[in-house]
Structure formats: structure tokens, C-alpha cells
Amino acid sequence: MKWKVVAAFLMAASAFGQAPTGRQARSAGERALRGVETLKESIGLTDAQVQQLRELRKQQADAVRPVLQQIREKRQALAEAMKAENPDPGQVGQLMVDAKKLEQSIRQGHAAYREKAQSVLTPEQKTKLEGLKQAGRKAGAAREAMAAGLLEPPARAERGAARGRAPMRGRRW
């Protein structure tokens with residue numbers, strides 16, 4: 001039973017690691033572009049800074065891509081090993097440890113990327129970025145308070161406006 005749960009978790013996790021395709025990729029790319037414009041306005045980025053950040057992000061993505069492929073391969077090997085009637089605990093454990101080490105290397109790469117990206121900002125922009133960070137924490141707390149029923153959620157039109165959208169008319173969810 002325990003092996004089945006682990007196998008199901010790992011298969012689900014590997015599915016989440018796959019890159020978006022088709023419409024998902026377009027909408028993810030569009031959201032990223034909108035996000036850059038919003039961030040540009042929020043902290044006062046110049047076009048040159050935006051370009052530098054895009055280049056850094058591309059370098060980071062190019063560096064992470066082969067590691068993600070290795071993680072996928074480890075998870076696939078793990079899933080195959082788990083299909084055996086009596087999985088080899090040593091092999092299964094080693095595959096899990098290998099995948100975890102690869103994931104840690106990605107986290108370290110993200111931290112290095114963040115340092116490089118923040119070095120592009122001026123001191124004033126870093127201060128504004130810290131303000132955004134604090135606001136994000138407060139927004140998370142507000143969402144939790146709404147989920148707990150302590151706060152009333154904003155009206156539907158207000159939620160759309162808060163996200164930069166026009167209110168939707170004639171549509172019911």
C-alpha cells in the first residue's frame with residue numbers, strides 16, 4: 001500500500017513538471033508579458049532594465065532546462081522501478097535521493113538568479129520591491145482570512161478591477 005501511494009505521488013509530481021503546450025503556453029507567455037508591464041510601472045523599471053531581466057531569465061531557463069530533464073528521467077525510472085512486483089528499495093531510494101539533489105540544485109540556481117536580477121535594480125527600486133513583497137504577504141493573509149470567513153470577499157466587479165480587468169457583464173459562474 002505504501003509503495004502505491006509513493007508511486008502515485010511521484011507520477012503526479014512528474015506530470016506537473018511538464019512544460020505547458022499550445023494554448024497554455026500562449027496564455028502563460030501573455031501573462032508574463034503583462035506582469036512585466038505591471039512590474040515596470042510598479043517599481044519604475046527602465047526599458048534597458050527590463051531587457052536585462054529578460055536576458056537573465058532566459059539564461060536561467062536555459063540552465064535549468066537540462067536539470068529538469070534529468071529530474072523527469074529520474075522520476076520515470078522511479079515509476080518503472082515501482083512497477084516491479086518487489087521494488088528494489090536501494091534503487092528506489094537512490095533515485096529519490098538523486099532527484100532531490102537535482103531539485104536542490106535548481107533552488108540554488110534560482111537564488112543565484114534572484115541576486116543577479118536584483119543587482120540590476122537601483123536602491124530606490126529595491127525599496128519599492130520590498131514594499132511589493134510585504135504587500136504580497138499581507139494579500140496572502142487577507143486571502144486566508146477570507147477563506148476562514150473572517151473577512152468578506154470583495155464584490156465580483158471589484159475583484160476583476162483589482163486584477164486590471166473590466167467587470168464582466170451577463171456572465172454567471
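Is arginine 75 buried or exposed? In this predicted model, arginine 75 has a relative accessible area of 18% and is therefore classed as buried, since that class takes in values under 20%.

## Arginine 75 and its partner

Arginine 75 belongs to helix α3, and its side chain meets that of glutamate 103 in a salt bridge, with a nitrogen-to-oxygen distance of 2.4 Å. This pair links distant parts of the chain, because arginine 75 lies in helix α3 and glutamate 103 in helix α4, with their positions 28 residues apart in the sequence. The two partners fall into separate accessibility classes: arginine 75 is buried at 18%, whereas glutamate 103, at 24% relative accessibility, counts as partly exposed. The contact between the side chains of arginine 75 and glutamate 103 also qualifies as a polar contact, again at 2.4 Å.

## Helix α3: length and kink

Helix α3 covers residues 47-83, and its 37 residues should span 54 Å at 1.5 Å a residue; the C-alpha atoms at its ends are 52 Å apart, which agrees with that expectation. The helix nevertheless carries a kink of about 30°, which lies at arginine 65, shortly before proline 66.

Arginine 65 is also part of a charged group, for salt bridges that share partners join Lys58, Asp62 and Arg65 into one network. Within this network, lysine 58 forms a salt bridge with aspartate 62, and the closest N and O atoms are 3.0 Å apart. Lysine 58 and aspartate 62 are 4 residues apart in helix α3, so about one helical turn separates them. An α-helix has 3.6 residues a turn, so residues three or four places apart point the same way. Lysine 58 counts as exposed at 53% relative accessibility, while aspartate 62 is partly exposed, with a relative accessible area of 35%.

## Other salt bridges

A search of the whole structure finds 7 salt bridges. Side chains of opposite charge can pair when their charged atoms come close. One of the bridges joins the side chains of lysine 40 and aspartate 47, with 2.1 Å from N to O. Here lysine 40 is partly exposed, with a relative accessible area of 22%, and aspartate 47 is exposed, with a value of 56%.

## Helix α4 around aspartate 98

Aspartate 98 is found in helix α4, which comprises residues 89-119. The side chain of aspartate 98 makes a polar contact with the side chain of glutamine 94, at 2.7 Å. Although aspartate 98 and lysine 74 are 24 residues apart along the chain, their C-alpha atoms are separated by 7.4 Å.

## The largest nonpolar core

Which residues make up the largest nonpolar core? This core has 9 residues, namely Ile43, Leu45, Val50, Leu53, Leu56, Tyr113, Ala117, Val120 and Leu121. The elements that give two or more residues to the core are α3 and α4, and α3 gives the most, with 3 residues. In soluble globular proteins, nonpolar side chains tend to be buried together.

Leucine 45, one of the residues of this core, touches Leu39, Lys40, Val50, Leu53, Leu121 and Gln125 when residues up to four places away in sequence are not counted. Among these neighbours of leucine 45, Val50, Leu53 and Leu121 also belong to the core, and Lys40 is the residue that forms the salt bridge with aspartate 47.

Note on methods. Residues are numbered from 1 along each chain as its sequence is written. This is a predicted model: local features need pLDDT of at least 70, side-chain atom pairs count only at pLDDT 80 or more; totals for chains, interfaces and linings use all residues. Side-chain values use heavy atoms; hydrogens and water are left out. A polar contact is a pair of N or O atoms within 3.5 Å; within protein, one must be able to donate a hydrogen and the other to accept it, and residues adjacent in sequence count only if both atoms are side-chain atoms. The expected span of a helix is 1.5 Å times one less than its number of residues. The bend at a residue is the angle between axes fitted to the seven residues ending there and the seven starting there. A nonpolar core is a set of buried Ala, Val, Leu, Ile, Met, Phe, Trp, Tyr and Cys residues joined through side-chain atoms within 4.5 Å. Buried means under 20% relative accessible area, exposed over 50%, partly exposed in between (1.4 Å probe, protein chains only). Contact means heavy atoms within 4.5 Å. A salt bridge is a side-chain nitrogen of Lys or Arg within 4 Å of a carboxyl oxygen of Asp or Glu.
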